[in-house]
Amino acid sequence: MEKWVYTFGDGRAEGSAEDRNLLGGKGANLAEMCNLGLPVPPGLTIVTDACNHYYENDRTLPEGLKDQVRAGLRRMETITGRIFGDTQKPLLLSVRSGSRASMPGMMDTVLNLGLNDATVAGLGEDAGDTRFAWDSYRRFIQMYGDVVMGLDHEVFVEILEDEKGRLGHENDTELSAAEWQEVVARYKQAIREELDEEFPQDPEVQLWRAIGAVFASWMNARAVTYRTLHNIPAVWGTAVNVQAMVFGNLGNSSATGVAFTRNPSTGENALYGEFLVNAQGEDVVAGIRTPQNITEEARIASGSDRPSLEKLMPEAFGEFRAICDRLERHYRDMQDLEFTIERGKLWMLQTRAGKRTAKAALKISVDMATEGLISQGEAVSRIDPASLDQLLHPTIDPRARRDVIGSGLPASPGAATGEIVFTSEDAVKAQEEGRKVILVRIETSPEDIHGMHAAQGILTTRGGMTSHAAVVARGMGTPCVSGAGTLRVDLRNELLVAHGVTLRKGDVITIDGSSGQVLKGAIPMLQPELSGDFGRLMEWADRTRRMKVRTNAETPADARAARSFGAEGIGLCRTEHMFFEGSRINVMREMILAEDEAGRRASLAKLLPMQRSDFAELFEIMHGLPVTIRMLDPPLHEFLPKSDEEIAEVAAALSIEEAVLRRRVDTLHEFNPMLGHRGCRLAISYPEIAEMQARAIFEAAVEAAKKTGAAVVPEIMVPLVGLKAELDYVKARIEAVAKAVIAESGVKIDYLVGTMIELPRAALRAHVIAESAEFFSFGTNDLTQTTFGISRDDASAFLSTYIQKGIVEQDPFVQLDFDGVGELIRIAAERGRRTRNDLKLGICGEHGGDPASIHFCEDAGLDYVSCSPFRVPIARLAAAQAAFNNGKV
């Protein structure tokens, strides 16, 4: 019989951390902690394969699962001395999800399962605390009614708030046993009236409905959104962890908390976390009560007057700190832990690799390598390259005037400015309209994931540093201020009230996630400087990687930015972008509208000094580094006006008749311009354009070399070549110009002529084209279009549907299609180098900045990748990781 259940408890477990794919992250780590002899409440894990069976078989559970769960429960009963469903000494359970990838808050949890009208009395008598028992029962009904039965959470919140108001209580902890009993009665009445069914009293029914609900939550909207954002496959499934309850709400000698072994925002090597006395775990992350600091050092730093765990429960704190140190050394990574103290006894409920900001990840990796806990190569491999985007967030200019209207906790670093919105739906709508917003909530919940992703920043008035908003924002790299209690949010009227200032939806605010300040209006920002831990890690990365990293740039600003980020040259300079600047566009239009070659050459003579100046400046900025310049690529009609109004305006500027201009526009119109008169086809039809560009390049190279003293070796790239004869024709024109400039200047110029491989035919005939081409640069944007027969501009209409329906896993314009486009790249690389063994190979499409695509480029033996300036650090790190993972260092 297939094994569906793995048990753990009493120092023994059937699984371990190695079984993550089968047991999920939570189950594997509970088993590992148990094997280490740590205090873990006993339990069982239903494997992820059971989740896949559930969805593959019309949401039914596999045969044999119930018997295996019952056997696991009997083992838990033996260890705890309690019986599930017993009215005297009941065993209560938690039922939690646990995917192999951490998905905090995205799936469902049920606590205190097993309570009913009979067992609640036995629990109270056994604990000697009737109030605790009824508090636990109301928590169970509230959670089960929402998660399993589907009654909106807000129904229960309204009842509780109404009762507290009627009784004159401010906090939940003030309610007595009798008062909780009344709340329970109202909860059950609400279920009866809203759902037309009774709250289930049979613990066995409760358990199996809860297990089904956890499996069902794998496909809830927020979980699907989270998986899509983090590229987590649906086929991984979730495990279900059923564990004996331990109680942090059993009086003032009990507590519950969340902690990180190092600071997840800064990376500082200091225990970091929060706890609540007389509470259960969801109270800490939900922000219902403001939590207390775990360490005395953190309490003093925060200015809190409430005691730390270190002072309040020194014995339990000492044991907890020792466990934190042991787990970090064992896993060799920063850990995120959940714990409960039940009447002075410490219990560990979870450990996992802690989510952290990019800044913290860098510091933790560098520090751990320095401490000898991990190697430098491991430090490099542990940083998610995409997370470096977080380091590129702007910060508030320290010289700027700050109109502070409130403050909270610095939950996720970076600063953001935007219009206030109060709902996730409004945040998404604003993003679609191109508006930047700050999502303002009392507290966020997993249902807000889409709005949090759409917003520039997040502001909540409740919650601590480990609240849902804080954890999710840090993972996304989105600035966040949480627990801003001095602010008041009026969701009904869409108002934010602060220090006498009332702000409405659409008003602009700025949040500083590094200081916790909330400011009125837009505040000047500064770009970050990449140094310190970033610099050290990137030094290690640069020593590790084999491939070079260039940038796609045609403006001086982009080139300088790329150099500051470590670019080792320009892999793609799109010359057509230069023609759109200022008055140049009209000169370009003159050339296009000219009646003959003489007229075109006259206009090109005006463009020559402009192009030469552009290239010279790029060569000077790159100071001897390679610069690949692509000759004119787009069809000529892209430079001409489209609307009647634009045609009239351009005709007047060029002093020609509108009819003449309109006729030329109509003549150049193409039904499928992506496959039309563009690239090398233009250079063959109008060789004078290629000659002007070649002269501008060579004259600029001479000029820059004289200024900088560094030799310039331009790489001239002919686009859209499918035939060797096309490249030969254009190359001959380039060589003729080179000879002329060398003769005129008396300066020897070294240069390369190559081509973009962006057509399947070019890839297949690479061995022939390489007879003339001295380098290949794979233009993967167009190669993807021509391989799939998909227009990148129109693909969004259906690619999202393809992804949702599992036709493709990724958008091929975001992540390289390894099987199709990738196969063409491998073919071209192998065949091209068979002809010319020193053939330089690179990639210059948008995929050059995608980490997964960069790993493919390493495998394929490319010499460099080229990407946008702000993705250069990402590419440097991804290239190092690819080399490290391939064992090439």
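## Aromatic pairs

Y54, Y55 and F215 are joined into a cluster by ring pairs. The model is a predicted one, and it holds 14 aromatic pairs.

One of the pairs is formed by Y144 and F199, whose rings are edge-to-face, with 5.5 Å from centre to centre and 75° between the planes. Y144 belongs to helix α5 (residues 130-147), whereas F199 is in the loop between α7 (177-195) and α8 (203-217), so the contact ties together parts that are 55 residues apart in sequence. Y144 and F199 are both buried.

## Charges over rings

Two contacts place a charged side chain over an aromatic ring. K3 has its charged end over the ring of Y6, at 4.9 Å from the ring centre. R227 lies over the face of W218, and here the distance to the ring centre is 4.1 Å.

## Cysteines

How many disulfides does the structure have? The count is zero. A disulfide requires two cysteine sulfur atoms within 2.5 Å, and the distances for C34 and C844 show why neither forms one.

For C34, the closest cysteine sulfur is that of C324, and the separation of 18 Å is too far for a bond. C34 is buried, with a relative accessible area of 1%.

For C844, the closest cysteine sulfur belongs to C857; at 11 Å, this is also too far for a bond. C844 is likewise buried, at 3% relative accessibility.

Methods: Residues numbered from 1 in each chain as written. Predicted model: local features only at pLDDT ≥ 70, side-chain atom pairs only at ≥ 80, totals over all residues. Heavy atoms only, no water. Buried < 20%, exposed > 50% of the residue type's maximum accessible area, 1.4 Å probe, protein only. Phe/Tyr/Trp six-rings, centres within 6.5 Å; stacked < 30°, edge-to-face > 60°. Helix = DSSP H or I, 4+ residues; strand = E, 2+ residues; numbered from the N terminus. Lys NZ or Arg CZ within 6 Å of the ring centre and 35° of its normal.
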